[in-house]
Amino acid sequence: MLAVRKTSPVHGVSLDDIPEPDSPASGEVIVAVVAVGICGSDVHVYEWTSGYEFMRSRLPVVLGHEFSGKIAAVGDDVVGLRVGDSVVVMPGISCMRCVTCARGTPHLCPNKETLGLTRDGAFASHVRVPASGCIPIPAETDLSLAALTEPLCVGDNACDVGQVTAGDTVVVLGPGTIGQAIVRAARWRGASRVIAVGMNDAARLEVAQAMGATHCIDLADGISLQQGIHRITGGKPADVVIEATGHASSITEGLQILRKGGILAAAGIHAQRASFDLTEMIRNKQQIRGAHGSRRQNWERIIDRIVHEPESVRPMISMELKINDAEQGFRQCLARSVSKVILRPD
Ligand SMILES: [Zn+2]
Ligand SMILES: [Zn+2]
């Protein structure tokens, strides 16, 4: 099968012909991948920016963790999944044996593996996964939209971490696909103002608007973030700021537009260290929290939305490509000219 792999710790990926996965072990299944999205983290891995050194010892690895598909084979001791079922798959694999998992917080498991980063993922026609990570979805679900489940869950989790509630003014820094997912999740929670902010990012801000942003600010228009927010809110600071840019300056600037006692949830992957006025943050009783990945509860919530409100998330998809054209997809993502690029391995 053709697979998009990271084979060595340098810039780029390779399209390789590799054997299909062996038959599933006990507790595992093989998923025939129908649709798989290129994630911002895949782009980081492609560029080999800092923050992904943990992958070094795992190479070569098939990338791809945002996917939907159909069960192609079922190992022993698997209940509730049958060949032909449509599924989405949680990419984080917790050990379920450590103290953290036993405490009921498997998303914090220190032994966590991730499909498409530390073990073979879904940029291929077939992928072997633990049955426990598979969530069946209704057969009629659009599987391209279902491939958006993971990034939408990351956005939903970021809103959990930021404690977004009805009536809030939420500022989302970064209009990439995670920013777009945060916008949608904030609207689902009843935030009354959701302001998406980008820098020279007209195409992706347009998608953020289609995903529910009530206002958009492009900082390339020559205004500062503070000025832009002031114009929209009449001087009222944000209740919650969620950062999905990966630029250190967005933490500094995000704190400046956040109300006293407000939460800044940082969801970007940062190549640089951030610097900000700690005393001011303390006096303002603000909190900075890290938001990463998602939890099972996000998956249940988001699958329900995709099934019942498919059109509310469709604007995220910019293009669908054959897996042979993965390189083209990565280049489009690098140019920030697109939102979600979906690869179809069939
Ligand atoms: Zn992702
Ligand atoms: Zn564990």
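Is Cys95 buried or exposed? Cys95 is buried, with a relative accessible area of 17%. The model is predicted. This briefing covers its cysteines, its nonpolar cores, one helix and several strands.

**Cys95 and its surroundings**

- Cys95 sits in a loop, with strand E7 (92-93) on one side and helix H2 (99-102) on the other.
- The cut-off for buried is under 20% relative accessible area, so Cys95, at 17%, counts as buried.
- Leaving aside residues up to four places away in sequence, Cys95 touches Cys101, Cys109 and Asn111.
- Pro110 is 15 residues from Cys95 along the chain, and their C-alpha atoms are separated by 8.5 Å.

**Cysteines and disulfides**

- The structure has zero disulfides.
- A disulfide needs two cysteine sulfur atoms within 2.5 Å.
- For Cys134, the closest cysteine sulfur belongs to Cys153. The gap is 14 Å, so it is too far for a bond.
- Cys134 is buried, at 7% relative accessibility.
- For Cys216, the closest cysteine sulfur belongs to Cys159. Here the gap is 16 Å, again too far for a bond.
- Cys216 is partly exposed, and its relative accessible area is 30%.

**Nonpolar cores**

- The largest nonpolar core holds 49 residues. Leu152, Val164, Val170, Ile182 and Ile242 touch the most other members.
- Helix H5 (residues 177-188) is the top contributor to this core, giving seven residues.
- Two domains feed this core: domain 1 (2-148 + 313-344) and domain 2 (152-290) each supply at least three residues.
- A second, separate core has 45 residues, among them Tyr52, Ile71, Phe123 and Ala326.
- What does Ile242 touch, not counting residues up to four places away in sequence? Its contacts are Ala158, Cys159, Val164, Val170, Val171, Val172, Leu173, Ile182 and Ala265.
- Val164, Val170 and Ile182 thus appear in the contact list of Ile242, and they are also among the residues that touch the most other members of the largest core.

**Helix H8**

- Which residues of helix H8 (residues 249-256) are buried? They are Ser250, Ile251, Gly254 and Leu255.
- Viewed down the axis of H8, these buried residues fall within an arc of 135 degrees, so they line one face of the helix.
- Several strands help cover the buried residues of H8, including E11 (169-173), E14 (238-243), E15 (258-266) and E16 (287-290).
- Helices H7 (225-233) and H9 (278-283) also take part in that cover.

**Strand E1 and its partners**

- Strand E1 (residues 2-6) is mostly covered, with four of its five residues buried.
- E1 pairs with strand E2 (residues 14-17) in the antiparallel sense, over four bridges.
- In that pairing, Val4 stands opposite Leu15 of E2.
- E1 also pairs with strand E4 (residues 61-62), antiparallel as well, over two bridges.
- There, Lys6 stands opposite Val61 of E4.

**Strand E9 and its partner**

- Strand E9 (residues 126-130) is mostly covered too: four of its five residues are buried.
- Strand E3 (residues 28-37) runs antiparallel to E9, and five bridges join them.
- Val29 has Val129 in E9 as its bridge partner.

Conventions:
Residues are numbered from 1 along each chain as its sequence is written. Chains are lettered from A and ligands numbered from 1 in the order in which they are written. This is a predicted model: local features need pLDDT of at least 70, side-chain atom pairs count only at pLDDT 80 or more; totals for chains, interfaces and linings use all residues. Side-chain values use heavy atoms; hydrogens and water are left out. Buried means under 20% relative accessible area, exposed over 50%, partly exposed in between (1.4 Å probe, protein chains only). A nonpolar core is a set of buried Ala, Val, Leu, Ile, Met, Phe, Trp, Tyr and Cys residues joined through side-chain atoms within 4.5 Å. Domain bounds come from an automatic or database domain assignment. Contact means heavy atoms within 4.5 Å. Two strands pair if DSSP finds at least two bridges between them. The arc is that of the directions from the helix axis to the C-beta atoms.
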